[in-house]
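Thank you all for making the time this morning. I would like to walk you through one structure, and I will try to keep to what can be read from the atoms.

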Amino acid sequence: MNRRDWLLIPLGVILLAASAALSSPVAWATLAQGASNHGATRADFDRLMKELSNWGRWGKEDQMGAVNLITPAKRKSALASVKQGFSVSMARKAETEPALDNPRPVTRVMGGAGGGANAAATPPDISGASDTLTVSYHGFVHTHMDTFCHRAYKGFMYNGMPMTSVTDKACTMGSIYAWKDGIITHAVLMDIPRLKGVDYLEPGTRIYPEDLDAWVKKANLKIQPGDAVFIRTGRWALRDAKGPYNTNQLAGLYITCAKWLHEHDVAILGSDGAEDVHPSGIEGITEPIHALVLVAMGMPIFDNLDLEALSKEAAKRNRWDFLVTAAPLTIPGATGSPLNPIATF
């Protein structure tokens, strides 16, 4: 080989390496989309509040927000997508003991004629039992739905509803009661740990729009207007393996994902954590995704979903979309509701 041939060898190695690197869906998606802003500021948050606003889109008096995108035709299409009739819950099992991330567990007071210390020596022919449950569902453990009066920005919630309408007794505007007829739509699971080839994301890991694009490509998904989008970080896999941990650090969406959700006309956002990455990286705003989604876009949130069983079932089928059904409690004036969303393939 002459000197020219030897000089060409490193060039060939470089080209082969580049070809191999770009063969992955993550690399292609990143190349196609370009890296998003990874250093957003409070000024970006304030700008996005205006830029992503859906205020007035469905009328001045609207209290349904992006759920208006779930039309009768959308529901019929979602129902028709069911092929196997196999269902799986996306709710975390209720916890009754306090923990580092759960200072307010579910409490139960039993009543009725059971088999405890007060059991009658001779039980009656007909007996029964009852219990009283108390749950403070907002937080980082109980699966629940957030509604508009749960968040405000500069004194206003979604669609300009004033936060002063929230009294010491109830939300007179923007309450959970708007969805008393339930949620029925097409949904997709964005399994980011599977994209990254790990069991779970480490606390504090940011998910960027390019990650969402990469998963859409890898899973061969198409996000359609009116869809529910559920983000798996592997939070419960981590917690089950290592125990409760401080929620000052949680994997989740970085602020720039709000624009991605708006561009895709998503109707419902959910995750196995608090949606937002903790810490957020935005000065003075702990949960910018929460604020932008609930206040600007009018998009209800499903918090603290347990997506582990769903992830396994989706992987078995190599299918990452499904029907979702969910029905909040019909409590007028509530800021949200405990929830048991069901995925059906």
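I will take the disulfide, then the salt bridges, then a pocket, and end with one asparagine.

Please keep in mind throughout that this is a predicted model, and that what I quote is computed from it.

Let me begin with the cysteines. The search of the whole structure returns 1 disulfide, and the two residues involved are Cys149 and Cys171, whose sulfur atoms are placed 2.2 Å from each other. The link between Cys149 and Cys171 is right-handed, with 90 degrees about the S-S bond. What does this pair tie together? Cys149 and Cys171 both lie in the loop between β4, residues 144-146, and β5, residues 183-191, so the disulfide connects parts that are 22 residues apart in sequence. As for solvent, Cys149 has a relative accessible area of 3% and Cys171 one of 5%; because the cut-off for buried is under 20%, Cys149 is counted as buried, and Cys171 is buried too. Cys257, another cysteine, is buried at 0% relative accessibility.

I turn now to the charged side chains, where the search of the whole structure gives 21 salt bridges, and I will show you three of them in some detail.

In one of these, Asp46 pairs with Arg42, and their closest N and O atoms are 3.3 Å apart. Both belong to helix α3, which covers residues 42-51, and because they are 4 residues apart there, about one helical turn separates them. Each is partly exposed, Asp46 with a relative accessibility of 23% and Arg42 with 33%.

Another links Arg317 to Glu313, with an N to O distance of 2.6 Å. Here again the partners are 4 residues apart, about one turn, this time in helix α10, residues 308-317. Buried or partly exposed, where does each partner fall? Arg317, at 25% relative accessibility, is partly exposed, while Glu313, at 14%, counts as buried.

There is also a network, in which salt bridges with shared partners join Arg92, Glu95, Asp101, Arg235, Arg239, Asp240 and Asp306. One of its links is the salt bridge between Arg92 and Glu95, with the closest N and O atoms 3.9 Å apart; since the cut-off for a salt bridge is 4 Å, I would ask you to keep that distance in view when looking at this pair. Arg92 is buried, with 16% relative accessible area, and Glu95 is buried as well, at 15%.

Next comes the pocket that I would like you to look at, which is the second largest and has a volume of about 230 Å³. Its lining consists of 13 residues, and those closest to its centre are Ala94, Val106, Val135, His142 and Pro338. Sorted by class, the lining of this second largest pocket contains 8 nonpolar residues, 3 polar ones and 2 charged ones.

Finally, a single residue, Asn54, which sits in the loop between α3 and α4, the latter being residues 72-80. With a relative accessible area of 6%, Asn54 is buried. Which backbone atom does a polar atom of the Asn54 side chain have at 3.0 Å? The partner is the backbone oxygen of Met297.

That is where I will stop, and I am glad to go back to any of these sites in the discussion.

Methods. Residues are numbered from 1 along each chain as its sequence is written. This is a predicted model: local features need pLDDT of at least 70, side-chain atom pairs count only at pLDDT 80 or more; totals for chains, interfaces and linings use all residues. Side-chain values use heavy atoms; hydrogens and water are left out. A disulfide is a pair of cysteine sulfur atoms within 2.5 Å. Helices (H or I, at least four residues) and strands (E, at least two) are DSSP runs, numbered from the N terminus. Buried means under 20% relative accessible area, exposed over 50%, partly exposed in between (1.4 Å probe, protein chains only). On a 1 Å grid over the protein atoms alone, a cavity is a set of points where a 1.4 Å probe fits but cannot get out, and a pocket is an open set with protein on both sides within 12 Å along at least five of seven lines; lining residues have an atom within 4 Å of a point. Grid points are joined across faces, edges and corners, and a volume is the space filled by probe spheres set on the points. Ala, Val, Leu, Ile, Met, Phe, Trp, Tyr, Cys and Pro count as nonpolar, Asp, Glu, Lys and Arg as charged, and the others, Gly among them, as polar. A polar contact is a pair of N or O atoms within 3.5 Å; within protein, one must be able to donate a hydrogen and the other to accept it, and residues adjacent in sequence count only if both atoms are side-chain atoms.
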